[in-house]
Amino acid sequence: MEPIAVVGLTTRLPGAPTVDAFWRNQRDGVESISRFSTEQLTEAGWPKEMITHPDYVPAAGVIEGADRFDADFFGYTREQAEISDPQQRIFAESVWHALEDTGHDPARFDGSIGVYAGCFANKYLPLNLLANARFRGSLAAFSARPYNDKDFLATRAAYLCDLRGPAMTVQSACSTSLVAIHLACQALLGHECDMALAGGVALPIPLIGGYPVVAGGIFARDGHCRPFDASSSGTVPGYGVAVVALRRLSDALADNDNIRALILGSALNNDGSSKFGFNAPSMQAQAEVIATAQAVAGVSAESIGYVEAHGTGTPLGDPIELAGLTKAFGTEERGYCAIGSTKANIGHLDAAAGAAGFARAVLALQHAQIPPSINYDAPNPALLLERTPFYVPTTARPWPRGAAPRRAGVSAFAVGGTNAHIVLQEAPAPRPAAPGPREHHLLVLSARTPGALDEAAAALAERLEGDEDLHLADVAHTLQVGRRAFAHRRHLVCRDRAEAVAALRGAAAPGAGPSQAVRSVFVLPGSAGHRPGAAEEVYRSEAVFAQEVDRCAELARPLLGQDLRALLLPAAGDGSRAASDPGDDAAGTDPRATALAAFALQWGLARLWQSWGVQPAAVIGDGDGEYVAACLAGVLDLPDALAVTAAAALARARTAADPDAADAHAEAFAADAVGRVSGPPRLFYTTAATGTWATADDTADPAGWARHLSAPAPFADALREASALADHVLLVMGPADRLAPALGHQEGTRRLTALPSLGSADTGRADQATLLDTLGTLWQGAADIDWDAVRGTARPRRVSLPGYPFQRTRYWIGPDTESYEPLGLEEASWTSR
C-alpha cells in the first residue's frame, strides 16, 4: 500500500499542553500524574466518605482548563457552550490545531478532509446537567443531545471546522483512537478523502479525582503505572486529547508538507471468545494483529527498533502482551527492540490512549531518540524478558539509523477484544528547498480578537527565538497559505530572525494598514518622477515583473534602437538578464527612452500586482502615465501603448524646442493614438482631456488625445474622482512621496491613502521590502491575495508553528448539590483483603 504521511499532530495531555511539551516530558522521563488533597477533591464535589476511604487513591493524569472553551471562536452562544460535553469542546479545538499544524487552511485545501475519532463515556449530561434543576426546566434540555452524545463527536468537529469528507465517531473502548487512525488510513487509501484527522479524547466528571482500588480491577494501589515492572499493580487513569492529521505520501510530498513519520501498515482484529472472560486479553489475537500489520507494511520484525506497547502495567496484561509480541516477531534475535508505554508518564487515557501512544512513537522517530520507560526497576518475572527480542530502556538514548530506516510499532488493545497495531517508519528526507530570490520575507498574523493576536505574535516570537532550524521563508509561506485569515491582522517584513522577533515583540512596530476591506486604485505616476535603477532589486526578485519589463524592452527596441533596461537597471553588466547594447549610452539623450523606461517599470509593477490577485477597481495616470492606464484599461494594446508613449515624448521634446508648433505636434500625436485605439475602456480610468473617467467617446476623439498634450487637466482632478470611490486606496506603481503634496491639498473630498510599490530615494528603504510591506498592508485591509503566485518559483516547506491562542472562558453547569454520588458507594469495602 502507499505509505500514509503524518503531516499534523496536536496533543493536550497531562503535564503537557502542547506537542513540544509532551515530547520533552517523554524524553526526560517525567511522570505527570497529579495527587490531590482532600480539600481539592471536596471542592471538586467528591463525597467525603469516598475520598477518605483507605482504598481510595487520590491520583490521576489530568489536564488544566478542561472546563474552559473559546465559544466565540466557534460561534457558540453561552448556553450552547454550557450544555456541551467538555469532550466535544476540547476535541473541536484540537482538530483546529491539528489542521493548523499541517500548514493547510481547509478553506483553501484542494480536496476533502475526513474526521475519525472517539471519546470516553459522557458523564457531563447525567452527572451535571441532569442533576441541575435549572437545566432540566429549560428549553435547552430538549437540544442537549447533539452537544453530548458520542454520535456527534466527529460530525460536530467537521461542522465547526467546515470539513467535507467522511466524519465518523469510532468506539472500541481502550483501542478507540488507534482504530480511528487505522480507519482514516483506509479512507485515504480508498480515496474517500484527501486528508484525514483521527484521534480521541477522554475527560472525567469531576475534572479531577482519584479512583477506588477494586479487587480484580486494573488500577494501581500506589498511584503509579509501572509497565513491565516486577512491582506493577495496574494503571492510573489519565485524561486528555490527541489528534493526528494524515495524507497519502504522494500528496504530502507534492505539497512540501511537514512529514513527521510514515504509516507503512496497520491492522485490526478481535479476540472473539477464545479467552477466559470478556474483559481478558488474548495473546493469540494480539500476536495475529501485530503480524498482520507487519505483513501489510511489508517489513521484517528485525527492522523494528521500538514498540509503543499497550503497556497498562497490570500483572496479567503485561506478560500476555509481551508473549503476543514475541510470537508475532517470530525471531531468534534477543534484546534488540526497545519497548515502552506512555501510560507510565500520563496514565491510561481510555479512548485517547492509542492516539497518545501513537504520538509518542511518532515523536521518537522524528527526534531519533528512544524515550525512557519510567517507574521501572526490574522486569516482571512472568515476562521472561531475556527470552524475547525486547528490552526496557530506562534512560533516553539516541536511535541511530541502521541498514533500514527507523521503524516502530504501536499497539492498542481493548476490553471487549478489539485490537489494533500500526507500523511506523521515519519520515523521508525532505526534498531540498528551492530558495527564492527575495532577501525579505512577509509574515502575516491574524486572530478573531486583539488579545489573541497579541498572544499569537508572542508565541511566534518565542518559537523563532527557540528553534534555529526554522527558515523564515518556510515560516512566511506557512503563515500565508496555511492559516485562516481573521479580522484582526498584523504583518511584518523582515530579513532575519532577529528583525522578526523584535517586530513581533514590539521593539519595531509592525506595519499598520486599513482597518476595513479596501479595493485598490492603481496610480501610474508617469516619467516625471522616474529615477534610474528604481527597478533593479524588484527585477531580480520578481519573475513576473522581470518578464513584463523584458517584454516591453523587446517591443521598444525597434522604436529606440537600444535596450531601455539600461535606464531601469544601470548595474546590468554584472550577469543580470538586462545586458545592454553597446550603444545604450545614448539612452540618456533620447527623450523617448525615459518615457518608455518609466512605462515598462509601471506596467511591470501593475502586472505583478495583478498576478498576486490585486485587481484594480480603477486606474489613474499622471502625465504620460495615462498611456499605461489606457493599456491596463484595454483601450490600447501594449505595443501600441509603447508606440504612443514614444510619440508623445518626442512631441513634447519638439514642442519644447519649437513652442509655436505645439498644436501641430499635439494633433499629429492625437491622430496616431486614435488610430491605435482597440476598444472602449474595460476599466475605469481618468483622462487628462477632461479630468474625469474616460468614456468610449473620449477615447475615439482626437481632440481629447491632443488636449492631453497641449492643455491637460490637473492631476488633482483625477485624485478627486478617485476619492469619490468608497473604501479605496491608491496603489502607486512606484514611490508614493510625489503624491503627498497633491493629497495634502485635497479639500471637500475623502482623504486618500497612498501605498508605494517602491521605496523613495530619500528613505533608503529597499524596494523589495517596500513592495512586500504594501502587500501586507493590503492583506491587512482584507484584500484577497493569491499567495501561491506570491511564492513564485520558490518551493518553501510547510512547517509546524504555534497554533491559534484560543481565548477560553469557563462554561460549566454543575449539580445543584455541588457534589457527586458515585455508584458503589454503599459497599463496605472495595477490595478483598
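**Entry 1: strand S17**

I started with strand S17, residues 407-413, and found it mostly covered: seven of its seven residues are buried. The model is a predicted one. I then checked which way the residues of S17 point. Arg407, Gly409, Ser411 and Phe413 go one way, while Ala408, Val410 and Ala412 go the other. Both sets are buried.

Next I looked up the partners of S17. Strand S12, residues 306-308, runs parallel to S17, and three bridges join the two. I noted one pair here: Val307 has Gly409 in S17 as its bridge partner. Strand S18, residues 418-426, pairs with S17 in the antiparallel sense, over seven bridges. Arg407 has its bridge partner in S18, and that partner is Gln425.

S17 and S18 also make a hairpin, with four residues between them. I checked the turn and found that Gly416 has a positive phi of about 105°.

**Entry 2: the sheet around S17**

I followed the pairing outward. Strands of a sheet pair through backbone hydrogen bonds, and the sense is either parallel or antiparallel. S12 pairs with strand S13, residues 337-340, in the parallel sense over three bridges. Val307 turns up again here, with Ile339 as its bridge partner in S13. So I have Val307 bridged to Gly409 in S17 and to Ile339 in S13.

What is the order of the strands in the open sheet? I read it as S7-S6-S8-S10-S1-S11-S18-S17-S12-S13-S15, which makes 11 strands with mixed pairing. Which strands stand at the edges? They are S7 (167-169) and S15 (390-391). Each has a single partner strand, so one side of each is left without a neighbour in the sheet.

**Entry 3: Cys119 and Ser112**

I moved to strand S6, residues 113-119, which holds Cys119. Is Cys119 buried or exposed? Its relative accessibility is 3%, so Cys119 counts as buried. I listed its contacts, leaving aside neighbours within four places in sequence: Gln87, Lys150, Leu153, Gln171, Thr176, Val201 and Ala351. I also took one distance. Cys119 and Gly199 are 80 residues apart in sequence, and their C-alpha atoms are 8.9 Å apart in space.

Ser112 sits in the loop between helix H6 (86-102) and S6. Its relative accessible area is 18%. The cut-off for buried is under 20%, so Ser112 is buried. Beyond its neighbours within four places in sequence, Ser112 is in contact with Arg164, Gly165, Glu192, Cys193, Asp194 and Met195.

**Entry 4: nonpolar cores**

I asked which residues touch the most other members of the largest nonpolar core. The core has 190 residues, and the answer is Phe91, Leu443, Leu464, Phe522, Phe599 and Trp609. Helix H22, residues 591-611, gives the largest share of this core, with 11 residues.

I picked Phe91 for a closer look. Outside its neighbours within four places in sequence, Phe91 is in contact with Val115, Ala117, Leu153, Ala157, Gly200, Val201, Val241 and Val243. Leu153 and Val201 are also among the contacts of Cys119.

There is a second, separate core of 51 residues. Its members include Ala180, Cys185, Val362 and Ala364.

**Entry 5: cavities**

Last, I turned to empty space. Rolling a probe the size of a water molecule over the atoms shows where such space is left. How many cavities of 30 Å³ or more does the whole structure have? The search finds six.

The largest cavity contains about 210 Å³ of space. I counted 18 residues in its lining, and Leu445, Ser446, Ala456, Leu479 and Arg483 lie nearest its centre. Strand S19 (441-447) and helix H16 (450-466) are the elements that give two or more residues to this lining. By class, I logged 13 nonpolar, two polar and three charged residues.

The second largest cavity has a volume of about 70 Å³. I wrote down its lining: Glu626, Tyr685, Thr687, Ala689, Ala694, Asp698, Thr699, Gly704, Trp705 and His708. Two or more of these residues come from each of strand S23 (684-687), helix H26 (696-699) and helix H27 (702-710). H27 gives the largest share, three residues. The classes divide into four nonpolar, four polar and two charged.

Notes:
Residues numbered from 1 in each chain as written. Predicted model: local features only at pLDDT ≥ 70, side-chain atom pairs only at ≥ 80, totals over all residues. Heavy atoms only, no water. 1 Å grid on protein atoms, 1.4 Å probe; cavity = no way out; pocket = protein on both sides within 12 Å on 5 of 7 lines; lining within 4 Å. Points joined across faces, edges and corners; volume = space filled by probe spheres on them. Nonpolar A, V, L, I, M, F, W, Y, C, P; charged D, E, K, R; others polar. Core = buried A, V, L, I, M, F, W, Y, C linked by side-chain atoms within 4.5 Å. Buried < 20%, exposed > 50% of the residue type's maximum accessible area, 1.4 Å probe, protein only. Contact = heavy atoms within 4.5 Å. Pairing = 2+ DSSP bridges.
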